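Biologist: I am new to reading protein models, and I would like a close look at one part of this one. Could you take me through the place where two helices pack together, and then show me what lies around it?

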Amino acid sequence: MKTKMLANLVASIMLAGYAGFAVSASPHWSYDEESDWGAIEDTAQTAVPLNYPYAECGIGKHQSPVDLADVKIVDSKLNKLAARYGVDTPSFFNTGHAIQVNVSKNFTGGLKVGKELLPLVQLHFHEPSEHVFKGKKFPAELHFVHISKDGRIAVLGVAIDIGRENAAFQTILDNMPHNYGEANSTSGIKFNPAKLLPSGANTDNLKYLTLAGSLTTPPCSEGVQWYILTKSITISAAQLAQMKTFYSGNARSTQNLNERSILSNHH
Ligand SMILES: [Zn+2]
C-alpha cells in the first residue's frame, strides 16, 4: 500500500512536470477553497478512497508549510547539504497554479544530501512565501523539487525578499508562457538553477532548517523532506509585480506542526 501511494505521488508530480495536458486528469482545485481541498471529489472515480484524491490535505498530520519559529533543535550530525546544479536547457511551464521551470531529460544536477544525490526535477515559485520565517511571510518563496530514483522527495525552499534585481529570475519571467498548462520548451534558453541560490552561500555546505512535511498543493502527499535555507535571495519590486501578472496568492497557509521537530545544522 505504501509503495503504491508513493508511486502515485511520483506519477502526479512527473505528470505535472512534463505534460501540461495531464494536469486536467486530476480534479480542479484553487487557493480560494484551500480549507476544503481534502473534500474535493473526483467524480470519475467511484472506489473509496480514490474518489477523494486530496484527502491527505485535510487529514494529514505532517503537512506543509509551517511556521519555522517553532521548536528548533541544532543537530551538528545532520547530513551535509550541497546544491549540485549546472547549466541546462529547461522548459518554462505555466502549471495553472505557479510558474515553473522543468529541467530537461538529460539534466544531471541535483541536491546532495550526505552522500546521496537527489536529481532536480523542477523549480517553481509561490507569492507570498508559504513558510513563515521569524514571524513573517516573505514576498515570495522558491521551491527546488528533487526526486530520488526510488521515489523519495526532497524540496529545497528559499525565501525571496525585495531588493536587487535577479537576472536568473528575469530569464524565467521572460520565457514563461501566459496561458495555463502551456510549456515553452523550444526556446533553447540556457539556464543554471544554481543562479537562484543565495549569493555568498557555500553551495557545498548549505545552512538549513529541516523537517518532514508534504507537498503544499493537492494531493498534499506526505513523505517530503524539506530543507529550508536560512539565507534569502532577492528579486526587484518590478520583478515581483511581473510575477504577480502570472500568479498572486498562490501560497498555502501554515499547518500545525503536531509532533514534528524542526532541526538546524548550524547555530
Ligand atoms: Zn511549492
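Modeller: Happily; here is a walk that begins at a pair of helices and then visits other parts of the chain.

Please keep in mind that this is a predicted model. Two packed helices are described by the angle between their axes and the distance between the axes. Our pair is helix H3, residues 167-175, and helix H4, residues 237-244. Their axes come within 11 Å and cross at roughly 30°. Angles under 35 degrees count as roughly parallel, and therefore H3 is roughly parallel to H4. The crossing of H3 and H4 is also left-handed.

Which residues of H3 and H4 meet? From H3 come Phe 169, Gln 170 and Leu 173, while H4 supplies Gln 239, Gln 242 and Met 243. Sorted by character, the residues of this contact are 3 nonpolar, 3 polar and no charged.

Let us stay with H3 for a moment. Ala 168 also has its place in this helix. Is Ala 168 buried or partly exposed? Ala 168 counts as partly exposed because it has 16 C-beta neighbours inside 10 Å; a residue needs 20 or more to be buried, and 12 or fewer to be exposed. Leaving aside neighbours within four places in sequence, Ala 168 is in contact with Lys 195 and Leu 196. Trp 29, in contrast, is 139 residues from Ala 168 in sequence, and their C-alpha atoms are 30 Å apart in space.

From H4 we can follow the chain into the loop between H4 and strand S15, which spans residues 262-264. Thr 254 lies in this loop, and Arg 260 is found there too. Thr 254 counts as partly exposed because it has 17 C-beta neighbours inside 10 Å. Setting aside residues within four places in sequence, the contacts of Thr 254 are Pro 65, Val 66, Asp 67 and Val 132. Val 103 is 151 residues from Thr 254 along the chain, with 28 Å between their C-alpha atoms.

Arg 260 is partly exposed because 16 other C-beta atoms lie within 10 Å. Not counting residues up to four places away in sequence, Arg 260 touches His 62, Leu 211 and Ala 212. Look at His 62 in particular: His 62 and Arg 260 are 198 residues apart in sequence, yet their C-alpha atoms are 7.4 Å apart in space.

Pro 65, one of the contacts of Thr 254, deserves a look of its own. Pro 65 lies in the loop between helix H2 (55-59) and strand S1 (72-74). A cis peptide bond joins Ser 64 to Pro 65, with omega about 0°. There is also a cis peptide bond between Glu 127 and Pro 128, where omega is about -5°. Pro 128 sits in the loop between strand S6 (116-126) and strand S7 (132-133).

Strand S1 holds Ile 73. Ile 73 counts as exposed because it has 10 C-beta neighbours inside 10 Å. Beyond residues up to four places away in sequence, Ile 73 touches Ser 261 and Leu 263. Gly 151 is 78 residues from Ile 73 along the chain, and 28 Å separates their C-alpha atoms.

Now for two backbone angles. Lys 134 has a phi near 45°, a positive value in a residue other than glycine. Lys 134 lies in the loop between S7 and strand S8 (136-137), and it counts as exposed because it has 10 C-beta neighbours inside 10 Å. Cys 220 has a positive phi as well, near 55°, and is likewise a residue other than glycine. Cys 220 is found in the loop between strand S12 (208-214) and strand S13 (222-229). With 24 C-beta neighbours inside 10 Å, Cys 220 counts as buried.

Let us finish in the interior. In soluble globular proteins, nonpolar side chains tend to be buried together. Here the largest nonpolar core has 56 residues, and those with the most contacts inside it are Leu 111, Phe 144, Val 155, Leu 156 and Ile 160. Strand S10, residues 153-162, contributes the largest share of this core, 7 residues. What does Leu 111 touch? Not counting residues up to four places away in sequence, it touches Leu 81, Ala 83, Leu 118, Leu 120, Phe 144, His 146, Ala 154 and Leu 156.

Definitions and conventions. Residues numbered from 1 in each chain as written. Predicted model: local features only at pLDDT ≥ 70, side-chain atom pairs only at ≥ 80, totals over all residues. Axes fitted to C-alpha atoms, helices over the stretch in contact; angles between N-to-C directions. Helix = DSSP H or I, 4+ residues; strand = E, 2+ residues; numbered from the N terminus. Parallel < 35°, antiparallel > 145°, perpendicular 65-115°, else oblique. Left-handed = near helix turned anticlockwise from the far one by under 90°. Contact = placed C-beta atoms within 7 Å. Nonpolar A, V, L, I, M, F, W, Y, C, P; charged D, E, K, R; others polar. Core = buried A, V, L, I, M, F, W, Y, C linked by C-beta atoms within 7 Å.
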